[in-house]
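I opened a fresh page for this one and wanted to get a feel for the fold before turning to how the chains meet. Here is what I pulled up.

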Amino acid sequence: MELVLALAIGVLTGSGVWLLMRPRSYQLIIGLCLLAYGVNLFIFSMGRLYVGAAPIMPKGGFVDPTAYADPLPQALVLTAIVISFATTALFLVVMIAARGTSGTDHVDGKEREQ
Amino acid sequence: MSADLPNHMIIAPILIPMVAGAIMLFYNDRDRQTKLVMGLVAAGLTFLAASELLADAKALTDQGAPVVTLYRLGDWPVPIGIVLVLDRLSAMMVMLSALLAAPALIYAAAGWHGKGQHFHSMFQFLLAGVNGSFLTGDLFNLFVFFEVMLAASYGIMLHGSGAERIRAGLHYIAINLAASLFFLIGVALVYGTTGTLNMADIARRLADLDEAQRLLFHAAAGFLGVAFLTKAAAWPLCFWLPPAYGAASPPAAAIMAIMTKVGLYVILRMSLLVLGPEAGPSSGFGAAVLMICGLLTMSFGAVGILATPQLVRKGGYLAIISSGTVLTAIGFVQAGGGADLLGGALYYLIASTAAISAFFLIAEPVSRDDETAEQSPDQPRLEPASERWEWTPMGLDTVDDTALPASSRTVSWLTMAICFALISAMLAGLPPLPGFIGKFAMLRGMIDTNIGLSGALPTMLWIYAALLILSGLAALIALIRFGLRRFWAEAGPSPRILALEVVPVLLLLGMILLLTVRADAVLSYARETAQSLLSPAVYREGVLAHAARVDAAPPQNHAPYEPPAEEEP
């Protein structure tokens, strides 16, 4: 499971970084999304990996914490997802506006001179 | 203030702007005058709260009491729940942001707030984010406030629209989104290694880390460093700043001047609290990077300000120089440079932020109607910029001085010229203005405490001293060259400048003047702040001391990797 998760994070982040370096704003936004997914999975893994363990302890009394997954990274991921979703949506609007004003989807607002 | 009663004043600088911004959304956006009044009232209330907090922090230290005051959001026990922490540094920074708000708002009233939607709401949300970043004591909460601040800044940067602004905004948002992801990676690694996100608790648990975890923690510090250095505009992460600030409308740029300081604040806080003198094997981690980055940032800013023809972009480079100056000082102090150097740097930070804010406000009026510049060979104007200056202020019909005799135009023009000269002198570090006082205090602290050192540090200090003076000289040359050409070699009629555009600049200049006259008081406050920053145990124990009282609470699962045997009640 560690390997699968590590590969998933690596592939997502690697593709994200590659797309981030591309000149088209569409590639940029997809790259940012993929990077955000990779980072979110990474945060998740920082609470250590548990299989089939509930993140919340039952009410009353103290229980063996090893039987439960760490709930904090899950809360962090939730916040991070919401924030990156909102900022990406905002970015999308700016991207469309840039396309409208400059007439091209190049991130510099003009095509490179050949 | 009783120890049991929470000091609710601490959350006021976050709540006031946030509530004010939210209430404004209920009004029609065309009702800008109401929103302006509400914004000014909110800025005034924030100022009152900030001065109360500042007095609190100062009085507590003077009595020798614990220097940090806690505010537990949600009233959870301390290392578990999120806390707001007030100490001298955060009180000072909140005060600074409160002081910069009103001038930018008044300036916006001259017409800029009518150029787009919801300027006033976004402005208040930006302030809430900035103040929250200064006050929070939790790393993830810091991320959230950072995002509040950044989301508002995206809107406010794009305020007024236009092709150039959108293009610069696209870059600005992309850079900041990527930096935020770095921030998240760093936060996750910190949690993975130390099992906590409370800044004071991180510092405490750092001592227990084994070698492998410490390496990971250093990686986390590196990731966080990249995020904050991007925000603080350190070379080579600063190329986004001049275009973004140059394209933003003047009131937006004026309030965004505080945003680079948020990055600096976090670097200062984390590097001295977590990686400071008492951190054992991690002590001084990253100090060399801060120093070298800072020195290169200063050089880059100095070259940039001479090279760029546009006045607003010069403002961006001034912000970079100011960041680099403080950053290098933080690096030196982390490596053991002494409290006097840091005190001077903090004083310089306050003064230069106010001056840069004023500079962004004055840059647009003095460049307005720039017909002569187009004929001048070494003042090439970029197309979108000249389009931008053609927009004359509108919205509020405050002062219409076309009907007035030419003399009254000359008066406002002359006022602007004098203000420009004063701000230039301040930014260049000429006596007796605070730029000089701050740099002098830094140089003196540097020489007094480090005279007998050997190794690479003295060489770096000499380079720093030289760059402090050279960057000032570069700023002076660049600004005076512009000033001469604009104010003295001008034949045509003076452009229209509204009273609402002169007043905020005068307000900020008054603040700078106050910093000059009361330099002694501010400097001694800054020195004591520096001293408290250099003994991180005070902050750490101040935050965690309150945790002792809740030991009766059921044991919490701090660290999932601890063996379960220890967790049995």
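Before counting anything, I noted what burial means here: a residue is buried if 20 or more other C-beta atoms lie within 10 Å of its own. I also reminded myself that this is a predicted model.

**Entry 1, burial.** With that cut-off in hand, I looked up chain A and found that 31% of its 114 residues count as buried.

**Entry 2, fold.** I went through the secondary structure of chain A next and found three helices and zero strands. Reading from the N terminus, I wrote the order of elements down as α-α-α. I then checked the overall spread: chain A is more spread out than a compact globule, because its radius of gyration is 19 Å, well over the 13 Å that the globule rule gives for 114 residues. For the box along the principal axes, I noted roughly 70 × 30 × 15 Å for the C-alpha atoms of chain A.

**Entry 3, contacts within the chain.** I took the contacts in chain A with a separation of 6 or more, and 51% of them join residues 24 or more positions apart.

**Entry 4, where the chains meet.** How many residues does each chain bring to the contact? I found 35 residues from chain A and 30 residues from chain B. On the chain B side, the elements giving two or more residues are α5 (139-157) and α6 (163-194) of chain B. I marked α6(B) in my notes, since its 16 residues are the largest share of that side. Sorting the chain B residues that touch chain A by type, I got 24 nonpolar, three polar and three charged.

Key. Residues numbered from 1 in each chain as written. Chains lettered and ligands numbered in written order. Predicted model: local features only at pLDDT ≥ 70, side-chain atom pairs only at ≥ 80, totals over all residues. Helix = DSSP H or I, 4+ residues; strand = E, 2+ residues; numbered from the N terminus. Rg over C-alpha atoms; globule rule 2.2 N^0.38 Å. Buried ≥ 20, exposed ≤ 12 C-beta atoms within 10 Å, placed from the backbone. Contact = placed C-beta atoms within 7 Å. Nonpolar A, V, L, I, M, F, W, Y, C, P; charged D, E, K, R; others polar.
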